[in-house]
Amino acid sequence: MPSKSEMVGAASSTTDAARPVSLRNGVFAVVIALQFVLVLVNGSTTMALPGIRDGLGATNSELQWYASIFALTFALVNVLSGRVGDLFGTRRLLMIGFAAIVTSWILSAGSPNIYFLLLARALQGIASGVTAPQLSAMIQRTFTGHNRTRAFSVFLMFAGGGFMLGQLSAGALTNANLFGAGWRWAYLPFIPLGVIVWLIAAKVLPATTPGTSGQLDITGAAVLAVVAFFLMFPLIQGRNAGWPVWILLMLACSLPLFFAFLRYERNLVRRGGDPLVNPILFAIRSFRIGNIITLLVGLLSAAGPIYLILTIQLGFDRNPLQAAILTCPMPFANMFGSLAAAPLLRRYGRGAVVIGAALNGLAAGLVLYLDRVGAGDFKAVHLVPAVALLGFALGISIAVTIAFVL
């Protein structure tokens with residue numbers, strides 16, 4: 001999430017429409033390259049789950065933690081890192097975060113057991129939570145107006161392409177089991193690529209001065225981290241633990257804790273302090289509703305690829321390469337959905353959100369219809385049309401929502 005000063009600076013810069021920055025910009029190219037490499041690995045790790053189960057003897061519960069701990073640790077630091085970048089410089093934090101991500105890949109590839117792998121995965125989530133807000137902030141700083149919408153569309157298009165290539169390459173290499181490395185091919189090819197991109201970024205990205213003076217809201221960050229933990233831990237562990245009372249109580253406590261966080265932030269603003277999240281943002285209708293839509297889209301886009309891969313590999317007994325081929329229409333179509341967002345916004349405005357939502361619903365309905373028609377003869381290949389439509393719909397939804405919120 002871009003920090004407060006970056007949003008203020010972006011808003012003031014939109015008045016300078018006479019000098020739009022071209023998308024053929026060195027800084028933008030590096031930002032795309034960084035995101036592309038990050039998403040390559042995100043795509044490849046979805047292919048690794050069955051291999052991790054067999055190679056490290058992981059249980060289903062441990063596999064669920066591997067799939068979820070990235071999101072948990074990402075959520076714990078994501079908002080705070082936007083503010084840290086605001087205070088200490090976006091470029092500096094971006095370089096530190098990306099270096100930590102590459103380090104996590106090295107640790108993951110060399111993991112001797114599932115517990116070491118989970119720690120490395122947690123580090124990857126923390127480092128990605130530090131890096132992601134800085135990437136979007138770089139786009140915010142570089143582009144204005146409609147060019148910014150186009151830039152985010154291209155950014156998301158390359159993310160979809162990276163996810164697809166990550167799936168296909170990891171599926172092929174894992175299936176080939178070169179040198180007996182198995183699931184570790186989900187990380188190994190991307191380590192040198194990550195180092196190269198980091199070195200290029202160190203030369204090309206301009207220094208960014210701190211956007212504002214002030215202090216870190218450590219208390220607010222701690223409360224928000226507790227909210228994220230109380231919300232996500234029960235969702236990850238609840239089913240495996242049999243939904244005991246204490247898990248349900250944790251989940252129930254997350255909502256009042258969130259309201260306590262908002263109250264603390266309001267009081268901090270009244271005292272003239274520097275809040276982690278300024279509550280005045282939630283008075284902006286597009287920000288408030290846009291974040292609700294982002295949550296709903298995120299639930300689908302995060303869970304969809306993981307469960308599709310598991311269903312095809314474990315449910316339909318396909319190998320990693322076959323699973324990658326059958327699911328790659330989703331990120332492939334996602335690229336075109338992201339590109340379609342900008343013209344849809346120009347023509348239909350807020351109606352573009354409705355178009356994305358309708359297509360998501362149609363994709364879900366198509367899966368249910370095909371399953372019912374196929375009855376006992378349902379095959380993995382029958383999922384392909386719905387998977388492609390879902391990818392296209394998510395591309396529209398994510399790009400359009402980002403444009404409205406930011």
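**Exercise 1. Place Ile114: buried or exposed, and beside which residues?**

Ile114 is buried, at a relative accessible area of 4%. Here buried means under 20% relative accessible area, exposed means over 50%, and partly exposed lies in between, with a 1.4 Å probe and protein chains only. This is a predicted model, in which local features need pLDDT of at least 70, side-chain atom pairs count only at pLDDT 80 or more, and totals for chains, interfaces and linings use all residues. Residues are numbered from 1 along each chain as its sequence is written, and side-chain values use heavy atoms, with hydrogens and water left out.

Step 1: find the element. Ile114 sits in helix H6 (residues 114-142). Helices are DSSP runs of H or I with at least four residues, numbered from the N terminus.

Step 2: list the contacts, meaning heavy atoms within 4.5 Å. Setting aside neighbours within four places in sequence, Ile114 contacts Ile52, Leu56, Ala58 and Glu62.

Step 3: take one pair. Ile114 and Glu62 are 52 residues apart in sequence, yet their C-alpha atoms are 7.6 Å apart.

**Exercise 2. Describe the largest nonpolar core and name the helix that gives the largest share.**

Step 1: define the set. A nonpolar core consists of buried Ala, Val, Leu, Ile, Met, Phe, Trp, Tyr and Cys residues joined through side-chain atoms within 4.5 Å.

Step 2: find its hubs. The largest core has 83 residues, and Phe28, Leu34, Ile52, Trp105, Ile139, Tyr187 and Leu205 touch the most other members. Helix H2 (residues 26-46) gives the largest share, ten residues.

Step 3: look for another core. A second, separate one has seven residues, including Leu224, Leu262, Leu276 and Val277.

Step 4: zoom in on Leu205. Beyond four places in sequence, Leu205 contacts Val27, Val30, Leu34, Arg91, Leu94, Met95 and Met138.

**Exercise 3. Work out what lines the second largest pocket.**

Step 1: fix the terms. On a 1 Å grid over the protein atoms alone, a pocket is an open set of points with protein on both sides within 12 Å along at least five of seven lines; a cavity is a set where a 1.4 Å probe fits but cannot get out; lining residues have an atom within 4 Å of a point. Points are joined across faces, edges and corners, and volume is the space filled by probe spheres set on them.

Step 2: size it. The second largest pocket holds about 290 Å³.

Step 3: read the lining. It has 14 residues, with Gly304, Leu308, Val367, Leu383 and Leu390 nearest the centre. Helices H11 (285-315), H14 (351-374) and H15 (384-405) each supply at least two. H11 gives the most, six residues.

Step 4: sort by class. Ala, Val, Leu, Ile, Met, Phe, Trp, Tyr, Cys and Pro count as nonpolar, Asp, Glu, Lys and Arg as charged, and the others, Gly among them, as polar. The pocket lining has eleven nonpolar, three polar and no charged residues.

**Exercise 4. How many cavities of 30 Å³ or more are there, and what lines the second largest?**

Step 1: count. The whole structure has two.

Step 2: take the second largest. Its space is about 40 Å³. Its lining is Thr45, Thr46, Leu49, Tyr66, Ala67, Arg121 and Ile306. H2 and helix H4 (60-88) are the elements that give two or more of these residues.

Step 3: sort by class. Four are nonpolar, two polar and one charged.

**Exercise 5. Characterise Trp243.**

Step 1: check the backbone. Trp243 is not a glycine, yet has a positive phi of about 50 degrees.

Step 2: place it. Trp243 lies in the loop between helix H9 (218-241) and helix H10 (245-270).

Step 3: check exposure. Trp243 is partly exposed, at 37% relative accessibility.
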